[in-house]
Amino acid sequence: MAAIVLAILALSTLCSIEAQKDGFSVELIHRDSSKSPLYNPLETTSDRVTDALRRSFNRVHRFKTNSVPTTAAESDLTADSGEYLMKISLGTPRFDIVAIADTGSDLSWTQCKPCSQCFKQDAPFFDPSKSSTYRKISCSASQCIDLERTSCSTDHSCQYAVSYGDSSFSDGDLAADTLTLASTTGRPVAFPKTVIGCGAFNGGTFDEKTSGIIGLGGGQVSLISQLRTSVAGKFSYCLLPISQAGNSSKINFGSNAIVSGPGVVSTPLVKKSPDTFYFLTLEAITVGTKRIKFTGSSLGSEEGNIIIDSGTTLTLLPSDFYSEVESAMTSQISAKRIEGPEGLSLCYNAKDEFKIPDVTVHFTNADVKLKPLNTFIRVSDTAICFTFNPLDDVAIYGNLSQMDFLIGYDTQKQTVSFKPTDCSKN
């Protein structure tokens with residue numbers, strides 16, 4: 001048995017070394033994909049779009065200052081609650097789970113046995129007693145000390161507690177175990193001693209077909225930060241348009257995540273608190289020929305005034321600035337304006353033919369020219385709506401604006417790069 005365990009550990013080390021050298025990719029599955037456990041074949045396209053918009057508004061609470069979480073490979077992403085899902089494995093032998101892939105969270109956690117209070121989950125819970133590589137983390141370990149809102153149990157092991165603005169939460173043991181990603185370009189890639197949360201007290205708005213969070217934020221305990229040396233601090237994704245949600249997007253790590261070639265523009269990542277979020281600097285938005293200077297948000301008026309987030313559907317802007325953008329848009333569209341779903345500010349009759357003005361988002365050193373699929377979305381048979389919306393709390397660059405772009409994060413060089421891409425061919 002010891003020889004078998006050693007062989008497994010040796011293979012895990014080999015795989016992580018190969019990941020560092022070659023990079024890898026993992027599947028990202030949209031919640032409305034037929035590959036998703038959340039897929040509902042009875043929903044219409046309009047139902048799915050409306051639900052995605054509702055989730056987008058609910059998710060905003062996570063980014064408010066007083067309610068943020070306190071805490072070269074490819075993989076498929078699946079979206080839930082406005083986010084995508086990833087399939088990963090924990091432990092030895094490997095135990096498969098499906099969890100929300102979240103660039104707005106750091107700690108990766110799943111529901112574990114025994115569970116004193118857990119949300120309903122269709123799949124079995126992870127049982128740490130059955131993993132030969134599972135270890136609780138001591139209260140004196142740096143991983144415990146560096147994480148906010150930890151406490152010490154009677155056996156001197158570290159207890160974590162994370163909560164979110166939408167009232168979701170998870171408490172349990174902070175632990176280390178082997179985390180394995182199912183590469184889309186080869187054999188699974190294992191990362192030993194990855195810090196995770198083993199949740200015994202969890203609740204909130206989670207779906208019963210998911211089992212936790214994969215933290216892809218910028219904080220020290222996030223999966224991205226933990227894999228930094230293995231993947232050279234690089235990850236990228238290419239999100240398919242909603243019309244192609246039946247297929248999978250991909251998240252790439254290491255050398256697979258390098259964004260290069262014609263059309264690439266890059267903007268600095270700005271380090272701000274909380275370090276979970278990825279802050280960029282928005283300078284202006286041009287609609288047609290009208291350039292509108294960004295006057296700032298609650299995040300500030302200068303550097304780091306907008307968050308880029310793959311889990312928020314809409315692009316959300318301060319009300320005064322949004323009003324100028326909307327005014328520029330309406331002045332260049334001759335179609336009939338109509339009432340759209342609750343919460344959406346600008347909608348037109350989908351039966352009218354009209355030309356959508358060009359929209360360019362000006363980040364520092366990076367002019368990102370959006371396509372019509374990024375700026376308008378059909379929400380019903382009769383309504384097509386603008387994908388930007390007013391919000392006074394924070395400014396967020398949402399995933400509709402990111403679709404059909406290869407977007408690369410380099411946490412070592414502190415840049416985010418954009419490349420116009422047909423993501424169905426990426």
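**Close-up views of a predicted model**

**View 1. An open sheet of four strands.** In this predicted model, four strands form an open sheet in the order β21-β22-β26-β25, and their pairing is antiparallel. The edges of the sheet are β21 (337–338) and β25 (376–378), each of which pairs on one side only. Strands of a sheet pair through backbone hydrogen bonds, and the pairing may be parallel or antiparallel.

**View 2. The pairing of β25 with β26.** Strand β26 covers residues 383–386 and runs antiparallel to β25, to which three bridges join it. Which residue stands opposite Phe376 in β26? The residue in that position is Phe386.

**View 3. Helix α6 across the sheet.** Helix α6 lies across β21, β22 (347–349), β25 and β26. Relative to β26, helix α6 runs at about 135°.

**View 4. The largest nonpolar core.** The largest nonpolar core contains 89 residues, and those with the most contacts inside it are Met86, Ile308, Phe363 and Phe418. Helix α6, which spans residues 319–330, gives the most to this core, contributing five residues. Why does this core lie between domain 1 and domain 2? Domain 1 (82–227) and domain 2 (253–420) both give residues to the core, and therefore it lies between them. A second core, separate from this one, has 21 residues, including Trp109, Ala141, Phe206 and Val221.

**View 5. Phe418 and its surroundings.** Phe418 is found in strand β30, which covers residues 415–420. Is Phe418 buried or exposed? Phe418 has a relative accessible area of 1%, so this residue is buried, the limit for a buried residue being under 20%. Leaving aside residues up to four places away in sequence, Phe418 touches Gly263, Val264, Val265, Thr267, Leu280, Ile308, Phe363, Val368, Tyr397, Phe405, Leu406 and Ile407. Two residues in this list, Ile308 and Phe363, are also named with Phe418 among those with the most contacts inside the largest nonpolar core. Phe418 and Gln402 are 16 residues apart in sequence, and their C-alpha atoms are 8.7 Å apart in space.

**View 6. Confidence along the chain.** The protein chain has an average pLDDT of 85, and 85% of the residues score at least 70. Over residues 1–20, pLDDT stays under 50, and the model has 24 contacts beyond four places in sequence for this stretch. Residues 65–72 also have pLDDT under 50 throughout. For residues 65–72, the model has 36 contacts beyond four places in sequence.

Terms used: Residues are numbered from 1 along each chain as its sequence is written. This is a predicted model: local features need pLDDT of at least 70, side-chain atom pairs count only at pLDDT 80 or more; totals for chains, interfaces and linings use all residues. Side-chain values use heavy atoms; hydrogens and water are left out. A nonpolar core is a set of buried Ala, Val, Leu, Ile, Met, Phe, Trp, Tyr and Cys residues joined through side-chain atoms within 4.5 Å. Buried means under 20% relative accessible area, exposed over 50%, partly exposed in between (1.4 Å probe, protein chains only). Helices (H or I, at least four residues) and strands (E, at least two) are DSSP runs, numbered from the N terminus. Domain bounds come from an automatic or database domain assignment. Two strands pair if DSSP finds at least two bridges between them. Contact means heavy atoms within 4.5 Å. Axes are lines fitted to C-alpha atoms, for helices over the stretch in contact, and angles run from 0 to 180 degrees between N-to-C directions. pLDDT is the predictor's confidence in each residue, from 0 to 100.
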